[in-house]
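Please take the sequence and the model together, and follow the chain slowly as the paragraphs below point to one part after another.

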Amino acid sequence: MTNEIYLDNAATTKAYEEVAAVIADSLTNNYYNPSAFYLPSIEVEKDLSKARKKLAQSVGFLPEELFFTSGATESNNTIIKGVVDKARGNFNIITTSIEHPSVMNIFKNLEEKGVEVRYIPVNSKGKLDYNWLENNIDKNTILVSVMGANNEIGSINDLVRVREIIDNHNPKAVFHTDFTQAYLKTDDDRLNLKKAKPDALSVSAHKVHGPKGVGMLAIRKGTKVSPLLLGGGQEHHFRAGTENIPGILGFYTAVEKLDKNKNEVNDNLKILKDYFLDNIKDIPDLIINSPEDGLPGLLSVSFPGIKAEVLLHMLEAKNIFIASGSACSTHEKDSYVHKALDFDKLRSEGTIRVSLSEFNTKEDIDTTTKEVKKGVESLRKLTRFNK
Ligand code: PLP
């Protein structure tokens, strides 16, 4: 769409042109199955290996420790269910109370089946209670799953500290991180993967200008985990199904590009985010939900007295796209994340999320903040907020 302002990059991103070109080539020219034995297939297999090597290296894993999946949802399902499937006897699993539904709903489902589940509480800025974790991890804990960055408010978790706690209390527990929102989005040292050394990590390609429907799961050698999908021997006999080669090569191409200039891109996102906040700071009763040390390109704010969905549609009429809360939880009635963050009803209903990408400009922010101000003012008149 021409002249659109797309500010929902935590939901998904526009693919780079180079990504689209690689996918088209893979579909129509180099479409061979990498498992076949003729020369063009062997070439495809080589491309697959190149992508695996680069993507594994980007998260500090070995190529043979990386499995391509259909996205972070599958990666999260595979690791959580796969670790639990291998467990015997008395055990518990731990996660945070603000995970993405693709982690949270698995934990809830396992809990319903009788697994003992423990949820790390957070404060209203999404900061984990690390002391709680110290006190609640024990010798029966088999899995600790902590996301890198939260998709609703952009808070960043201290994975290095989580690793220390695990090592101090039960080094045998598998440490998994859903790294989907954090991947290539910040160089924050709390997410330093060399220090945090997670045993397993999930990522999705479409958050970094790659295609939808492809992702990766990295699992450290020696980690005991059952496969989710059974079938052919693809992906080192761990993830059956013909590899999504166009998707994987698109993923690789996106990462090649973003990885090179991510620092510059992320610095600029922070400038745009601060500019956005500066432009709206005089809106009465504004609540900033995102912590100051959160993701550079993600901002969650609340305007009590308005319904975020209505504001969203007013902006849509101007060709501006933002999210209310999180796009991933629009199917949920109440946001369990907002509950965990202790938002009251008015704050929860009036929450919007703006998430930026390198395609956004200062002009986008000027236009959007002007419309947000107008929208909030007129909606509050309707609801007689503060009257
Ligand atoms: N985890 C987080 C933190 C996410 O933000 C998302 C998508 O929004 C996912 C997992 C799921 O990714 P996908 O839809 O690609 O499976």
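What follows is a walk through a predicted model, beginning with its sheets and going on to the ligand and the enclosed and open spaces.

A good place to start is the sheet of seven strands, which is open and follows the order E2-E8-E7-E6-E5-E3-E4, with mixed pairing between the strands. In general, the strands of a sheet pair through backbone hydrogen bonds, and they may do so either parallel or antiparallel. The edges are held by strand E2, residues 66-69, and strand E4, residues 116-120; each has a single partner strand, so one side of each is left without a neighbour in the sheet. On average, and with direction ignored, neighbouring strands of this sheet are turned by 20° against each other. At the E2 edge, the partner is strand E8, residues 215-219, which runs antiparallel to E2 and is joined to E2 by four bridges. To find this pairing in the model, the reader can look for threonine 69, whose bridge partner in E8 is glycine 215.

Another open sheet has four strands in the order E9-E10-E13-E12, and its pairing is antiparallel. Here the edge strands are E9, residues 287-288, and E12, residues 323-324, each of which pairs on one side only. Strand E9 meets strand E10, residues 298-302, in the antiparallel sense over two bridges, and within this pairing isoleucine 287 has serine 302 of E10 as its bridge partner.

From the sheets we can turn to the ligand, which is surrounded by 14 residues, the closest being Thr73, Asp178, Gln181, Ser204 and Lys207. Three of these side chains can be followed to oxygen atoms of the ligand. For glutamine 181, a polar side-chain atom lies 2.8 Å from an oxygen atom of the ligand, while for serine 204 the distance from a polar side-chain atom to a ligand oxygen atom is 2.5 Å. In the case of lysine 207, an N or O atom in the side chain is 2.4 Å from an oxygen atom of the ligand.

The model also contains enclosed space, and a search of the whole structure finds one cavity of 30 Å³ or more. The largest cavity holds about 190 Å³ of space, and among the 20 residues that line this cavity, those closest to its centre are Asn9, Lys185, Leu269, Gly297 and Leu356. Helix H9, residues 245-280, gives the most to this lining, with four residues. By character, the lining of the largest cavity divides into nine nonpolar, eight polar and three charged residues.

Which residues lie nearest the centre of the largest pocket? This pocket has a volume of about 520 Å³, and of the 20 residues that line it, Ser58, Val59, Leu191, Asn192 and Leu193 lie nearest its centre. Two or more residues of the lining come from each of helix H2, residues 39-58, helix H7, residues 193-196, and helix H9. The lining of the largest pocket is made up of seven nonpolar, five polar and eight charged residues. Helix H9 therefore links the two spaces in this account, as a contributor to the lining of the largest cavity and to that of the largest pocket.

Notes. Residues are numbered from 1 along each chain as its sequence is written. This is a predicted model: local features need pLDDT of at least 70, side-chain atom pairs count only at pLDDT 80 or more; totals for chains, interfaces and linings use all residues. Side-chain values use heavy atoms; hydrogens and water are left out. Two strands pair if DSSP finds at least two bridges between them. Axes are lines fitted to C-alpha atoms, for helices over the stretch in contact, and angles run from 0 to 180 degrees between N-to-C directions. On a 1 Å grid over the protein atoms alone, a cavity is a set of points where a 1.4 Å probe fits but cannot get out, and a pocket is an open set with protein on both sides within 12 Å along at least five of seven lines; lining residues have an atom within 4 Å of a point. Grid points are joined across faces, edges and corners, and a volume is the space filled by probe spheres set on the points. Ala, Val, Leu, Ile, Met, Phe, Trp, Tyr, Cys and Pro count as nonpolar, Asp, Glu, Lys and Arg as charged, and the others, Gly among them, as polar. A residue is near a molecule or strand if one of its heavy atoms lies within 4 Å of it. A polar contact is a pair of N or O atoms within 3.5 Å; within protein, one must be able to donate a hydrogen and the other to accept it, and residues adjacent in sequence count only if both atoms are side-chain atoms.
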